[in-house]
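Please open the model in a viewer and keep the sequence panel at hand. The tour below proceeds by selections.

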Amino acid sequence: MALVACSSRRKVNAGDPSSSWASLHEDLRVAAGDFRDYIRFRAGRGLHPGHGKLRGHVRSFHLSTGAIVRVRLPHFRDHCVLYSADGVLLLQRDHDTAIRLLHPFTGDTAELPPLETLLPRVRCRSEASRWCSLRNICGACISVGVGDGLVRVMMRPIGVWNICFATSGDQQWRVATTWDRINHRSSTLPFHGKLYVLLRPHSVRGEHEVIQIDPPQHCLSEPSPKLIAKFRWPTSDESFRLYSYRLVECNSEILVIGTKWDAVYYSVYRLADLMLGRTVHVTSIDGNALFIGRRSLCVSSKAFPTIVPDTIVMPDTKIYLSQYHLSNGTLSQATDGVIAEEKDIPGPYSIMCHIITCCSPAYWHK
């Protein structure tokens, strides 16, 4: 699909059958292969989206081809980015906390309720912590109703231990009541217009569970959860508490990754195998590299020669950027310099540093 930057900005009625949002359910899966692989390219330390020197422009690059696109997005003057789902940006407007969806290549927008309507559901005491945890989105997905053409969004802020959802035209966000086991240790992944959540058991004898959450079918219904996999992680009692677990997308499939907290060992499995009761270690991801932070990104080593194929890249406990080689289980340093948020990344900025900062929301507003 050819991508064309468009300078027009249109506020569209999501319920209008003639609008581009109304046809999103037909186009989203096709477009997602291109749009969601574009990530924001930081122009250097301090030149975040909205910085005056950028004059309203943002550069993005394609994770599979390396192509760079420069588009004008003046919304960043009074909005901040909370998340991106299938290439559509989830923004918060500064003065009233209204959530807006922005198609970065056409300029189309859709209106959703203010984020502040979720404040009573946040599990934090201080005002600053409540807002911080509410803006930290673990996962979000967008869909469009086939019958009514309304845009529906499901998201999971880290401070709300369940799925929040709203439809364009709603006055406030709602919180699902049909599933109450989601908490701060759960991993959430948007995939093909749905949310997938990995629930961790309380003990080594318990089972991990993966639920698939479908969007509401109409304006009065709630998201529909369905248990799709149960499995026990192959670890001992001693090592069980040393692992964190997450869902990631790679090559249009879902992987389950177990990460030891000292970042020296990773176990990777396909969700499709686990659903069939098989625990088969993944040692190759078709030459790609997985960048892991608050969110994950799958990057082609063919497009970026400095990226090592079949690796997992993430900051280790020594605050350096490390890469784990799936083929032989070894760990090496991925790039020079410290990647910690409180320290400067030494220039010139490598492509790996740019990508890892896009995995961590804490970098976005610097």
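## A guided tour

Begin by selecting Val153, whose bridge partner in S11 is Ala166. The model shown is predicted.

Next, extend the selection to the two strands S10 (residues 151-157) and S11 (residues 164-167). These strands pair in the antiparallel sense, and four bridges join them.

Now display the sheet to which both strands belong. This open sheet has four strands in the order S9-S10-S11-S12, and the pairing is antiparallel. Select strand S9 (137-144) and strand S12 (174-175), which stand at the edges. Each has a single partner strand, so one side of each is left without a neighbour in the sheet.

Turn then to the interior and select Leu90, Leu101, Met155 and Trp173. Within the largest nonpolar core, which has 28 residues, these four touch the most other members. To see which elements supply this core, colour strands S5 (79-85), S6 (88-93), S7 (98-102) and S8 (108-114), together with helix H2 (127-135). Each of these, like S9, S10 and S11, contributes at least two residues to the core.

For the following stop, select Phe61, Leu321, Ala334 and Ile356. They are included in a second, separate core of 17 residues.

Finally, show the whole protein. Its secondary structure comprises five helices and 24 strands. Of its 366 residues, 55% are buried. Among contacts between residues at least 6 apart in sequence, 46% join residues at least 24 apart. With the surface displayed, the accessible area comes to about 16,800 Å², and carbon and sulfur atoms account for 50% of it.

Definitions and conventions. Residues are numbered from 1 along each chain as its sequence is written. This is a predicted model: local features need pLDDT of at least 70, side-chain atom pairs count only at pLDDT 80 or more; totals for chains, interfaces and linings use all residues. Side-chain values use heavy atoms; hydrogens and water are left out. Two strands pair if DSSP finds at least two bridges between them. A nonpolar core is a set of buried Ala, Val, Leu, Ile, Met, Phe, Trp, Tyr and Cys residues joined through side-chain atoms within 4.5 Å. Buried means under 20% relative accessible area, exposed over 50%, partly exposed in between (1.4 Å probe, protein chains only). Contact means heavy atoms within 4.5 Å. Accessible areas come from the Shrake-Rupley method with a 1.4 Å probe; for residues, only the protein chains shown count as cover.
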